[in-house]
Amino acid sequence: MAALATAEACDSNAALLASGDLRVLHPIFKSYGQIQVFSGPIVTLKVFEDNVLVRELLETRGEGRVLVIDGGGSMRCAMVGGNLGQLAQNMGWAGIVVNGCIRDVDEINGCDIGVRALASHPLKSNKKGVGEKHVPVYIAGTLIHEGEWLYADSDGILVSKSELSV
Ligand SMILES: O=C([O-])CC(=O)C(=O)O
């Protein structure tokens, strides 16, 4: 599949940007993982300082989808580490976007997936299993629904109501 350039997509989809069907996430994320350019249908997760549900979702087949984790922007622990990065790669997820922190950065940087997160943090999260899967999340100034499409490259991250043609 040819990669879609986010800048070009913005230039050629002014009407979608105006209507809100295409949105640009605020540029608050750092880039990790081997893959800089990734895209796919979105799976959403809303959690706070607890990553049990992150593992549950990453244990299912990714089929090229992107897991968008609203971790509430917490700067107090990591929602994804090296094991989960490896799991995501092995289960065929295209990428993970975390409104929160990750850890084991060197391991994640070796994984064949794209990861965006606010920062790294050495502390692991709670393991109580609290959170909500498949709910709308509001991150980086953008309301995101499960099933929408995410496009990430070196310029930024787009969310589109439907798949964009290259
Ligand atoms: O288990 C965790 O909390 C996250 C982690 O360190 C890993 O995925 O390796």
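The questions and answers below concern a predicted model of a chain with a ligand.

User: Which radius of gyration does the chain have, and why does this agree with a compact globule?
Analyst: The C-alpha atoms fill a box of roughly 45 × 30 × 25 Å along the principal axes, and buried residues make up 44% of the 166 residues. For a compact globule with 166 residues one would expect a radius of gyration near 15 Å, and the chain agrees with this because its own value is 15 Å.

User: What share of the contacts in the chain with a separation of 6 or more comes from residues 24 or more positions apart?
Analyst: The secondary structure of the chain comes to five helices and 12 strands. Among the contacts with a separation of 6 or more, residues 24 or more positions apart account for 73%.

User: Which strand gives the most to the largest nonpolar core?
Analyst: The largest nonpolar core has 46 residues, and those with the most contacts inside it include Leu67, Ile96 and Ile102. Five residues of this core come from the strand that gives the most to it, spanning residues 95–102, which is strand S6. Leaving aside neighbours within four places in sequence, Leu67 is in contact with Val43, Leu45, Leu57, Leu58, Trp93 and Ile96. The strand asked for is S6.

User: Which helix gives the largest share of the shell around the ligand?
Analyst: The residues around the ligand include Asn51, Gly82, Asn83, Leu84, Arg103, Asp104 and Lys124. By class, the shell divides into two nonpolar, five polar and three charged residues. The largest share, three residues, comes from the helix spanning residues 82–90, namely H4.

Conventions
Residues numbered from 1 in each chain as written. Predicted model: local features only at pLDDT ≥ 70, side-chain atom pairs only at ≥ 80, totals over all residues. Near = placed C-beta within 6 Å. Helix = DSSP H or I, 4+ residues; strand = E, 2+ residues; numbered from the N terminus. Nonpolar A, V, L, I, M, F, W, Y, C, P; charged D, E, K, R; others polar. Rg over C-alpha atoms; globule rule 2.2 N^0.38 Å. Buried ≥ 20, exposed ≤ 12 C-beta atoms within 10 Å, placed from the backbone. Contact = placed C-beta atoms within 7 Å. Core = buried A, V, L, I, M, F, W, Y, C linked by C-beta atoms within 7 Å.
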